[in-house]
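Thank you all for coming; I would like to talk through some side-chain contacts, beginning with charged pairs and then turning to aromatic rings. Please have the sequence and the structure open while I speak.

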Amino acid sequence: MTEIIVVHDAERAAAAAAEIIITLLRRDPEAVLGLATGSTPLALYAELAARITTERLDVSRVIGFALDEYVGLPQEHPQSYRNVITRSVVQPLGLTPALVHVPDGGLDSLDVAGHAYEQAILAAGGVDLQILGLGTDGHIGFNEPGSSLNSATRLKTLTPQTRKDNARFFQSESEVPIHCITQGLGTILRARRLLLLAFGESKARAVAAAVEGPVTASHPASAIQLHPDATVIVDEAAAARLQNLAYYQYAYNNKPQWPSSR
Ligand code: GLP
């Protein structure tokens with residue numbers, strides 16, 4: 001089932017998403033979190049950091065798996081996802097650095113890196129909750145249009161649009177790597193729960209296609225429709241193109257409160 005939660009703004013979305021994750025961490029101090037980069041989850045990470053401090057939650061045993069990494073960017077580059085995850089997640093939340101994994105984008109190990117990452121996820125018992133952002137072209141992780149719905153962690157080529165979108169993090173567009181290594185759609189679908197966030201008008205088309213369009217490799221985020229437990233939290237601008245918006249709001253406002261429901 002896909003649950004769609006529409007909130008007024010990104011700040012409220014971060015609070016709603018943080019509530020879901022904090023509930024998981026309270027229940028399971030060894031939870032395995034799938035971590036997304038990009039600007040979308042930043043407010044969520046800040047909210048989580050604040051809640052962890054206020055509630056004095058022990059997160060030292062929480063395990064993390066990032067979705068993706070650029071290929072060929074030195075790990076010490078400020079925009080390597082290893083660095084971004086350390087800065088925006090590991091440090092503020094106080095996670096144990098050795099328990100937070102990022103795919104290896106080093107040129108020397110590319111032929112084995114994907115398989116090794118899949119094995120590491122399996123060894124950790126699988127991902128309990130995968131946080132997802134959404135690219136304007138419908139990518140999740142770095143699964144660009146055309147990605148197999150059952151793909152595993154592997155090398156991918158970024159689209160020119162994604163490189164353009166991500167150029168704001170670099171000095172220039174030409175500095176954005178062309179290749180990446182990303183968890184596959186199959187990897188993402190194996191997580192026990194998905195939590196996709198999207199904000200702003202620029203994501204409205206991609207959100208509608210993900211939630212209401214056909215399930216197709218041409219719009220990778222539509223794969224979430226195959227997942228039994230996916231939650232999509234969007235602000236009003238990102239929800240603007242949803243055909244069944246009124247129904248999602250009605251369903252959310254009438255959410256059953258009996259114990260078997262979340
Ligand atoms: C990158 C990441 C994705 C992310 C997307 C959206 O391409 N690899 O995981 O979802 O950007 O970025 P933003 O959240 O900045 O819009």
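**Charged pairs and ring pairs**

Let me begin with Glu55, which is partly exposed, at a relative accessible area of 30%; and I should say at once that what we are looking at is a predicted model. Which residues does Glu55 meet in salt bridges? One partner is Arg26, where the closest N and O atoms are 3.1 Å apart, and this pair links distant parts of the chain, since Glu55 sits in the loop between helix H2 (42–54) and strand E3 (63–66) while Arg26 belongs to helix H1 (residues 10–27), 29 residues apart. Arg26 is itself partly exposed, with a relative accessible area of 42%.

Another partner is Arg51, whose side chain meets that of Glu55 in a salt bridge of 3.0 Å, taken from N to O. Is Arg51 buried or exposed? At a relative accessible area of 15%, Arg51 is buried, because the cut-off for that word is under 20%. Salt bridges that share partners then bring Glu19 into the picture, joining Glu19, Arg26, Arg51 and Glu55 into one network.

As a general remark, side chains of opposite charge can pair when their charged atoms come close. Over the whole structure, the search finds 9 salt bridges, and one of them is formed by Arg12 with Asp9, with 3.8 Å between the closest N and O atoms. Asp9 counts as partly exposed, at 25% relative accessibility.

Now to the aromatic side chains, for which a search of the whole structure finds 6 pairs. Among them is the pair of Tyr70 and Tyr81, with 4.7 Å from centre to centre and 50 degrees between the planes, which is a tilted arrangement. Where do these two rings lie along the chain? Tyr70 is in strand E4 (residues 68–70) and Tyr81 is in helix H3 (residues 81–93), so the pair ties together parts that are 11 residues apart in sequence.

As for their surroundings, Tyr70 is buried, with a relative accessible area of 1%, and Tyr81 is buried as well, with a value of 7%. I would ask you to look also at Phe142 and Phe170, since ring pairs link these two with Tyr70 and Tyr81 into a cluster.

To close, I would keep two groups in view: the salt-bridge network of Glu19, Arg26, Arg51 and Glu55, and the ring cluster of Tyr70, Tyr81, Phe142 and Phe170.

Note on methods: Residues are numbered from 1 along each chain as its sequence is written. This is a predicted model: local features need pLDDT of at least 70, side-chain atom pairs count only at pLDDT 80 or more; totals for chains, interfaces and linings use all residues. Side-chain values use heavy atoms; hydrogens and water are left out. Rings of Phe, Tyr and Trp (its six-membered ring) pair if their centres lie within 6.5 Å; planes under 30 degrees apart count as stacked, over 60 as edge-to-face and the rest as tilted. Helices (H or I, at least four residues) and strands (E, at least two) are DSSP runs, numbered from the N terminus. Buried means under 20% relative accessible area, exposed over 50%, partly exposed in between (1.4 Å probe, protein chains only). A salt bridge is a side-chain nitrogen of Lys or Arg within 4 Å of a carboxyl oxygen of Asp or Glu.
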